[in-house]
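The following paragraphs walk through the surroundings of the ligand in this model. Keep the structure open while reading.

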Amino acid sequence: MAVKEPGTQEPLIGRLVVIGLGLIGGSLAAGLKARHLCRETVGVVRRAATAEQAVALGVVDRAVTDVSDIASELGPDDVIFISVPTLAVESVLRAIAAQVDPAVTITDGASVKGSVIDAARTVYGDVPPQFVPGHPIAGSEKSGVTAANPDLYEKHRVILTPLENTDAEHLKRVTALWQGVGAEVLSMSVAEHDEVLGATSHLPHAIAYSLVDTLAHDIGNPNIFRYAAGGFRDFTRIASSDPVMWHDIMRANKDAVITALDLFIDNLTRLRRGIETEDSEYLLGVFTRAKTARDHFTKLLAKRALVESMSTHKIDYLLQPGGSVTGSIRVPGDKSMSHRSIMLGSLAEGVTEVEGFLEGEDALATLQAFRDMGVVIEGPDSGRVKIHGVGLHGLKAPKKPLYVGNSGTTIRLMSGLLAGQAFDSEMSGDESLAKRPMGRVADPLRAMGAVVETAEGGRPPLKIKGGQTLKAIDYVMPMASAQVKSCVLLAGLYAQGTTRVTEPAPTRDHTERMLTGFGYSVKKDGPVAELTGGGKLTATKIEVPADISSATFYMVAASIAPGSDLTLTHVGINPTRIGVINILKLMGADLTLSNERVVGGEPVADIRVRYAPLKGIDIPEDQVPLAIDEFPALFVAAACAEGKTVLTGAEELRVKESDRIQAMADGLQILGIDAEPTPDGIVIQGGQLGSGEVETHHDHRIAMSFAIAALRASGPIRVKDATNVATSFPTFVELAKQTGISLEVIDS
Ligand code: S3P
């Protein structure tokens with residue numbers, strides 16, 4: 001049985017027999033027919049009038065009213081698609097079982113898979129290898145053959161739930177059919193399918209039917225629908241769906257639907273109580289969490305995703321060479337401070353208001369994690385966030401593992417906080433985070449008495465056992481890391497005694513500064529920071545300055561591109577973060593700071609950058625921790641400088657979102673630059689950047705660095721997978737275009 005690849009205009013199969021020509025079955029037949037992907041489409045329907053109508057509408061080539069009229073004619077190239085209400089699948093299987101050759105592929109489109117499997121077992125004894133259970137996620141409230149649409153499945157998802165004994169060729173054929181009509185095919189277990197659909201599809205249908213029925217019959221005002229507007233319409237559209245189909249689905253997936261309904265009824269009862277008692281905190285909590293979830297889903301809907309983990313929409317950047325950057329811009333809020341504002345605001349007593357919050361995925365992951373632990377957080381809305389603090393001991397156990405995406409800062413800082421809680425917790429993240437070392441936080445936390453479990457090699461996920469008594473330690477950090485320092489200090493809030501951290505070199509001190517801003521005393525003495533457990537945090541106002549790490553891309557852009565003159569406003573210039581300014585100045589860059597002021601305990605300034613020829617330097621090692629996130633961009637500056645730039649003492653770069661030494665060396669070499677990685681740094685010989693495709697290894701800063709490199713390249717640069725730029729710099733593309741960089745975003 002040869003199956004042709006989708007995409008060819010050659011028929012994929014011989015005959016497609018669709019049993020039940022409603023929206024789902026009719027659309028598959030019409031879709032394959034329109035694309036000439038099968039030699040003949042045959043419909044099987046109950047009523048002769050429908051058969052005639054289906055042919056007249058061009059949905060099928062021919063239609064019969066009895067499956068026996070066609071079943072025994074079918075051969076090894078043919079496919080039967082059963083598209084009848086879920087509980088009718090058994091009688092269809094019974095009708096075809098004895099007549100259909102085992103070489104014929106049989107598949108179905110029922111919304112519940114467990115009951116279909118049971119039906120097949122009842123009829124056949126076991127599910128036959130020719131049967132491929134499936135479910136296209138493309139229904140609507142429309143039904144009947146007149147609703148058939150050849151393009152219904154374009155960019156929709158189809159879930160197949162093959163069993164262990166499902167034949168691979170039959171599976172391949174069904175996959176090819178769905179792909180042929182433009183669908184994306186996914187595979188899942190039967191149980192998972194029914195649980196997920198029970199919650200995301202069957203529950204909302206049950207609620208919509210019940211709501212409309214309540215309004216129509218139980219509320220005694222006959223005029224009620226005359227006043228129903230958009231809200232009613234949006235919420236109840238699906239109550240117009242086919243009643244028989246939904247009757248069947250509810251019965252067939254009874255257990256999963258009841259579990260989801262019980263949970264919903266519980267929550268509705270709680271909401272009722274919240275309204276009755278005018279519990280604003282509760283109401284705001286439910287509504288803000290729901291709004292965030294729904295907004296997130298709207299974004300996913302645009303990509304037609306069913307659940308997030310199933311697909312991420314990847315993008316590349318395509319850059320044209322040359323140009324200059326000019327104007328005045330404000331880059332988004334500082335990532336480190338945004339994370340800390342949510343953490344400390346949540347643990348404070350009272351309501352903390354934040355302005356300038358970075359609405360990037362990393363900081364949003366932190367925000368979501370605290371929502372998952374019961375903190376009510378309003379916003380973000382244009383950088384404004386309001387956090388209803390719960391106090392140091394007010395967090396609630398999250399119902400599921402906390403997912404922190406790409407964010408190393410979230411997982412490392414939160415491990416310190418979570419070690420001090422009464423409940424167990426777990427944190428996991430994306431592919432890049434899963435490779436990053438967590439032993440550096442787990443070790444000191446264990447020394448404090450925490451119980452922390454990592455996956456193999458000290459990597460995420462992290463499992464933290466609650467209810468431990470933490471004791472203060474005096475920790476001398478083996479590496480210069482603000483994340484480790486912050487983690488230990490945050491655990492110290494919950495420890496008995498005075499926790500002391502000594503760093504080998506100065507690292508960003510936002511945690512210490514912000515704790516002080518929340519009224520928690522932190523003593524600083526040179527490389528030592530210490531605090532005593534058992535105090536409390538008091539809510540405050542926070543203004544987050546623009547992120548110097550994001551500003552860096554534009555500082556380098558203006559420095560390397562002749563004719564540039566760019567001002568970056570309100571940039572945070574905390575002394576522990578200004579390595580990039582110092583290094584660029586040493587290379588000969590033309591940077592001027594003005595309007596220097598202190599905002600909410602952090603120094604800020606406007607930075608004007610004009611093009612100046614750069615020269616290669618030996619980067620002073622004491623600047624490394626002060627510019628740790630800025631090196632990818634600085635390597636681009638080095639590639640455009642005259643002479644050699646040497647970096648040493650920067651082995652930490654190898655354990656960032658990617659191995660930044662290797663990733664940058666590889667990319668620069670592709671672009672024709674002599675860049676030699678060393679164990680703790682790199683040697684870059686300035687030269688002419690060429691053209692080519694560079695990999696980012698899911699690292700936002702690698703992506704942005706190569707984007708600005710195009711300003712001095714001799715040809716176009718394609719940056720492969722720039723998706724993660726959204727973690728730290730959601731407006732990067734907009735600002736790139738605004739300042740004069742020729743950047744196009746393309747689907748990868
Ligand atoms: C950060 C500290 C740094 C930095 C990261 C943010 C922080 O990491 O690279 O982007 O907010 O504390 P290390 O502590 O690993 O150096």
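A residue counts as near the ligand if one of its heavy atoms lies within 4 Å of it. The model examined here is predicted. Around the ligand stand Lys335, Ser336, Arg340, Thr409, Arg412, Ser481, Ala482, Gln483, Arg508, Ile628, Asp629 and Lys656. Sorted by class, this shell holds 6 charged, 4 polar and 2 nonpolar residues.

Where in the protein do the residues of the shell come from? Three helices each supply at least two of them: α12 (335-347), α14 (408-419) and α16 (482-492). The largest contribution is that of α12, which gives 3 residues. At the level of domains, the shell draws on both domain 3 (318-325 + 545-747) and domain 4 (335-543), and the ligand therefore lies between these two domains.

Oxygen atoms of the ligand can next be followed to their polar partners. With Arg340, the partner is an N or O atom of the side chain, 2.7 Å from a ligand oxygen. With Gln483, a polar backbone atom is 2.8 Å from an oxygen of the ligand. Ala482 also takes part through a polar backbone atom, here at 3.0 Å from a ligand oxygen. Each of these distances falls under the cut-off for a polar contact, which is a pair of N or O atoms within 3.5 Å.

How much of the ligand does the protein bury? Taken alone, the ligand exposes 380 Å², and the protein buries 96% of that area. As for the site itself, the ligand sits in the second largest pocket.

Notes: Residues numbered from 1 in each chain as written. Predicted model: local features only at pLDDT ≥ 70, side-chain atom pairs only at ≥ 80, totals over all residues. Heavy atoms only, no water. Polar contact = N/O pair within 3.5 Å; in protein donor to acceptor, adjacent residues only side chain to side chain. Areas by Shrake-Rupley, 256 points an atom, 1.4 Å probe, with all protein chains shown as cover. 1 Å grid on protein atoms, 1.4 Å probe; cavity = no way out; pocket = protein on both sides within 12 Å on 5 of 7 lines; lining within 4 Å. Sits in = over half its atoms within 2 Å of the grid points. Helix = DSSP H or I, 4+ residues; strand = E, 2+ residues; numbered from the N terminus. Nonpolar A, V, L, I, M, F, W, Y, C, P; charged D, E, K, R; others polar. Domains from an automatic or database assignment.
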